[in-house]
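Here are a few notes to help you find your way around this one. Have a look at the structure first, then read on.

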Amino acid sequence: MATIEIQNLCKTYGDFVAVRESSFTIQDGEFFVMLGPSGCGKTTTLRMIAGLEVPTAGHIHLGGEEITYSPGSQRNIAFVFQLFALYPHMSVQDNIGFPLKVQGVSRKERKNKVEEVARMLQIDHILKQGVGGLSSGDRQRVALGRALVRDAQAFLMDEPLGALDAEFRDLMCEELRLLHNRVGATTVYVTHDQVEAMSMADRICVMEKGEVLQIATPDEIYARPTSKFVGGFIGSPSMNFLPAQGGIDSGAKSLAVKGGEVAIPEMYQAITSDSAWIGARPEHITLSDQGALRGETVSVEYMGSRQLVVVDTECGRLRVRSDNHIPVKTGDNVGLDFDADALVVFDGHTEKAIDSALFGGTAHG
Amino acid sequence: MIRSAKMLKVGESSGLSKWIAGIIVTFYALVTVMPLLWIVATSFKSPPDSISYPPQIVFEPTLEGYVNLFTERSRQTDEYIEKLGPPETWYEEIVRERNMVVTGPSRFAGRYWNSIFIGFGSTFLAVVLGTMAAYGFSRFKVPLKDDLLFFILSTRMMPPIAVAIPIYLMYRELGLSDTALGMIILYTAVNVSLAVWLLKGFVDEIPREYEDAALIDGYSRFQAFIKVVLPQMKAGIAATAIFCLIFAWNEYAFALLLTSGNAQTAPPFIPAIIGEGGLDWPAVSAGTTLFLLPIVIVTVVLRNQLLRGITFGAVRK
Ligand SMILES: Nc1ncnc2c1ncn2[C@@H]1O[C@H](COP(=O)(O)OP(=O)(O)OP(=O)(O)O)[C@@H](O)[C@H]1O
Ligand SMILES: [Mg+2]
C-alpha cells in the first residue's frame, strides 16, 4: 500500500484542457473518491495515475517514487474498469489469475491466490464458468478479484458500479466499502454519483471542467462547500441559492435579499463584489409564520417522516425539507425561516465561499 | 439477442408469413443449388451420357471425367492397343474403352496447386496486413487518418481490371509476369483495402478497456494485441478471410492476362479444357467440381465464426 501524490498535473488534448493543474495527496489506505459531472476529467486523471495516459505536465508519485512517465505495467497499480473488461475468451479463474500469469507466477501459487480471493468475494463456486453468462454483480466481483489478486499498491476504479442496476448498486456500494475496510488498500474511486461518493468516501475530491474544486470529508463537503458549484452538486434535493446584496464589510451578520433580510454566520471577510449568493440546504429552512421571507407553496411531496415543500418567493423557487406534521398544502402562503449558523455565503462573482463563522477562518475565498 | 427475439415474435404473430418466407427461401436455395448439383452430376457421367437428350437424371456413374481431367491421352488403333497387353491401372482401363492411351499427366494438378498457393497465400497476407492496419487505424492517432482510410477505400472504387494494362506493363518490366509471387502481390493489394475496412469495424467494436486492462496487468502493447484483441476478432477475421479468398480464388481476368504457363491458376485453365479435345463436358465439370471444393470446405469449417462475423457486429454477444 502506498500514498499517491499528484503535483500540478495537467492534460491537454490539442487546445482542450481536460485536467488543469491538479494537486492533491491520497493517503495510504484511504478511500478517495473523485466526483464531478460528466467530462470534468475524472477518468483522464485516473488514467494518468494508472499510466494509460501520458500527462502533459506535472508529477505523480506512488509510495514516494516518481512514476509520471513509467508504463502502466511497471506501476503495480490495479484498475477496475466501468465495463469490467473481463476477457470474454477466458473462464472466471483465468480472468482473475491473468495478472499473476503475466507476472510469471507459478501455476500452483496462482491457483491458491485465485481461490483465496474468490472466497473473499464469495465467487468460489463459479470459478470454472465462462464470464459470458455471469450476472452483472458477479462480473463486478470477478473484476474486483482480478484487481485484488495482485497485491497492488493502489486500486483505481472508474465508475465500477455504473453498469449495475440501481438496486444492486446500493448492495455493491456496501460490499465495496466493507471490502476496503478489510483490505485497507489505497483506493481511488471515480464516480459522478454524489450519493455513492458520500456513502463510501473517506475524502471526496470534487472536480469541474478539469479543475479540482474541493477536497474534504463527506460531512465537511456537505456542510461547508467552498464554492457554489460544490454546494449545488452535493446533496439531494440540492442546495438553494438566494441572490443577495453584495458590497458588505466583514463582521456582517445578515444580508439583504429581495423581500427580506436573512441572518447569516458572522462574516470574517468582506464581500467585495456587488452581489452575493446565500446557500441554504433544504433542511436549513423551516416553515414558520414569523419567517424572514414569505412565498407561495408550489408543491408538497411526502418523504416518510419529512416532506419536501417547494415555495416560490421573491428570491426564486426554494426547496424546504420540513417535518411533515406541519400542515401545508399547495397554494398556501407560508413564511420561511433560515438556520443562520448553517448558511454559506458565496461571492456573486467568483462563486467562492466567503469566510465566516461557519468555516471558522478556514475558507479561502 | 434482442433482434432475434423480435423476429421470432413477428414470425409467430403470422403463420402465413412464416410459410411464405419458408417457400421463398426453399425456392431460392433450389435455384442456386440446381446448377451446382448438375455440374457435380455431369462430372460423374460418361461423355455420351453428358450430352444425351433428354438429359439423364439416372445414369451409371463413372470417373471418366476426372481421369480425362488429370491426363493427356491420344487415340490409337485397335491393333496398337491390343499389342500393349492388359491395362495396368484402373484409369488406363477407363481410357482404353474409348480407344485411347494415357500419354501423361495433364496440367490441371499444377494449375490447381497454383490456385491454392496464390489464393490462400494472398488471403493470408491481406488478412495479416489488414488486421494490423485496422488495429492501428482504430486505436492510434494516425496523421491524416481519414484521408488515408478514404484513399485505401478509393482503390476499390473502380473495377481492378481497369488498371490491367499498366499492371501488365509493370509486371513485364519487373519480371513478375507469370509468377506466383506476382499474383499473390496483386491479389493482396486488391484485398487489403477490403480487409482494412471490414476489420476496422470489428476492432472498433472491441472496447479499449480490454487492452487497457491487459496493459495494466503487465502486457506490452503488442502482447495485448496478440493475446487479448486477436481472440476477440476471430469472427471478423474469419469473415474477412472468406471474402478475400473468394475474390482471389475466382479471379479470372488478371489470371488470364498475367499468367500463361508457370503461375496459371485454375479459372483460366478450366475453359481451356473445352478447346483441347472437343467438348468434354464431364472433364470440365470435374474441374469445376474440384474447383468449388476448397471454398465449400473453408466455409463449412468457419461457418460458426462466419455467422457471427457477417452480421458485422450487429448482433451483440
Ligand atoms: N483522447 C481524447 N481526445 C480528446 N479529448 C478527450 C480525450 N479523452 C478525453 N477527452 C475529453 O476530456 C474531457 C474529460 O474526459 P474524462 O473522460 O476524463 O471525463 P470524465 O470526468 O471521466 O467524464 P465521464 O463521467 O463522462 O466519464 C472530456 O470532455 C473528453 O471529451
Ligand atoms: Mg469517465
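1. Start with the surface of chain B. Its accessible area comes to about 18300 Å², and carbon and sulfur atoms own 70% of that. Keep in mind that you're looking at a predicted model, so treat every value here as computed from predicted coordinates.

2. What about the surface of chain A? Chain A exposes about 15900 Å², with carbon and sulfur atoms supplying 46% of it.

3. How many helices and strands does chain B have? The secondary structure of chain B amounts to 16 helices and 2 strands. Chain B is also more spread out than a compact globule, because its radius of gyration is 25 Å, well over the 20 Å that the globule rule gives for 317 residues. If you'd like a feel for the dimensions, the C-alpha atoms of chain B fill a box of roughly 85 × 65 × 40 Å along the principal axes.

4. Now for the inside of chain B. Buried residues account for 40% of its 317 residues. Take the contacts in chain B with a separation of 6 or more: 74% of them are between residues 24 or more positions apart.

5. Chain B comes with a domain assignment, so it's worth colouring the model by it: domain 1 covers 47-106 and domain 2 covers 109-311. How many residues does each domain of chain B bring to the contact between them? Domain 1 of chain B gives 10 residues, and domain 2 of chain B gives 10 residues. As for spacing, the C-alpha centres of these two domains of chain B lie 38 Å apart.

6. Over to chain A, where you should find 8 helices and 20 strands. The C-alpha trace of chain A spans about 75 × 45 × 35 Å along its principal axes.

7. Buried residues make up 50% of the 365 residues of chain A. Among contacts in chain A with a separation of 6 or more, 65% link residues that are 24 or more positions apart.

8. Last, the charges. Chain B carries 26 positive and 25 negative charges, and the mean positions of the two sets are 13 Å apart. Chain A has 34 positive and 47 negative charges; there, the mean positions lie 9 Å apart.

Terms used
Residues numbered from 1 in each chain as written. Chains lettered and ligands numbered in written order. Predicted model: local features only at pLDDT ≥ 70, side-chain atom pairs only at ≥ 80, totals over all residues. Heavy atoms only, no water. Helix = DSSP H or I, 4+ residues; strand = E, 2+ residues; numbered from the N terminus. Rg over C-alpha atoms; globule rule 2.2 N^0.38 Å. Buried < 20%, exposed > 50% of the residue type's maximum accessible area, 1.4 Å probe, protein only. Contact = heavy atoms within 4.5 Å. Areas by Shrake-Rupley, 256 points an atom, 1.4 Å probe, with all protein chains shown as cover. Lys, Arg positive; Asp, Glu negative; His and termini not counted. Charge placed at Lys NZ, Arg CZ, Asp CG, Glu CD. Domains from an automatic or database assignment.
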